[in-house]
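User: Please take a close look at the metal site of this model, and then carry on to the packing of the side chains elsewhere in the chain.

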Amino acid sequence: MGAWVVYMPARLWYSWHHHPGEEMYLILAGQAEFLRKGHAPETLCEGDTVQHESNQPHAAETHDSPLMAYVVWRNGFRTKPVLTPPEMLS
Ligand SMILES: [Fe+2]
């Protein structure tokens with residue numbers, strides 16, 4: 001298991017990617033739009049959480065506000081994320 005704090009500046013596009021590690025974001029401040037394959041986009045704010053299953057493609061985008069989040073990974077921690085090719089998103 002690993003955990004860290006992430007800061008995303010305003011107007012950041014965090015590209016579609018996936019990884020074996022299961023991932024959970026707890027939003028500490030700000031807001032961002034989170035995208036997960038198989039789900040409608042969600043705008044998350046302070047106190048909200050989102051979970052990414054193992055190898056589930058996901059992305060995030062900040063708009064006018066930056067975002068700070070506490071991120072926890074479980075399993076697959078030693079395998080780095082890879083960008084998700086467009087054919088995996090349809
Ligand atoms: Fe991720």
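Analyst: What follows describes the metal site, then the nonpolar core, then the aromatic pairs.

This is a predicted model, in which local features need pLDDT of at least 70 and side-chain atom pairs count only at pLDDT 80 or more, while totals for chains, interfaces and linings use all residues. Residues are numbered from 1 along each chain as its sequence is written, and side-chain values use heavy atoms, with hydrogens and water left out.

The iron ion has as its protein donors His17 (NE2), His19 (NE2), Glu23 (OE) and His58 (NE2), at 2.1 to 2.4 Å. Donors here are N, O and S atoms within 2.8 Å of the metal (3.2 Å for Na, K and Ca), and since water is not among the atoms, sites may look incomplete. The angles among the 4 donor atoms run from 79 to 147°, and the site is irregular; four donors would count as tetrahedral if all angles lay between 85 and 135 degrees, four as square planar and six as octahedral if opposite donors were over 155 degrees apart and all others between 65 and 115, and anything else is irregular. Along the sequence, the donor residues follow the spacing H-x1-H-x3-E-x34-H. His19, in the loop between β2 (13-18) and β3 (22-36), and His58, in strand β6 (residues 58-61), form a pair that links distant parts of the chain, 39 residues apart; strands are DSSP runs (E, at least two residues), numbered from the N terminus. His19 is buried at a relative accessible area of 1%, and His58 is buried as well at 2%, where buried means under 20% relative accessible area, exposed over 50% and partly exposed in between (1.4 Å probe, protein chains only).

The largest nonpolar core has 13 residues, of which Met8, Tyr25, Ile27, Phe34 and Leu67 touch the most other members; such a core is a set of buried Ala, Val, Leu, Ile, Met, Phe, Trp, Tyr and Cys residues joined through side-chain atoms within 4.5 Å. At least two residues of this core come from each of β1 (2-8), β3 and β7 (67-74).

As for aromatic pairs, the structure holds 4, a pair being rings of Phe, Tyr and Trp (its six-membered ring) with centres within 6.5 Å, stacked if the planes are under 30 degrees apart, edge-to-face if over 60 and tilted otherwise. Among them, Trp4 and Phe77 form a tilted pair, 6.2 Å centre to centre with 45° between the planes. Ring pairs join Trp4, Trp73 and Phe77 into a cluster, in which Trp73 is buried at 5% relative accessibility, whereas Trp4 is partly exposed at 31%.

Terms used: Helices (H or I, at least four residues) and strands (E, at least two) are DSSP runs, numbered from the N terminus.
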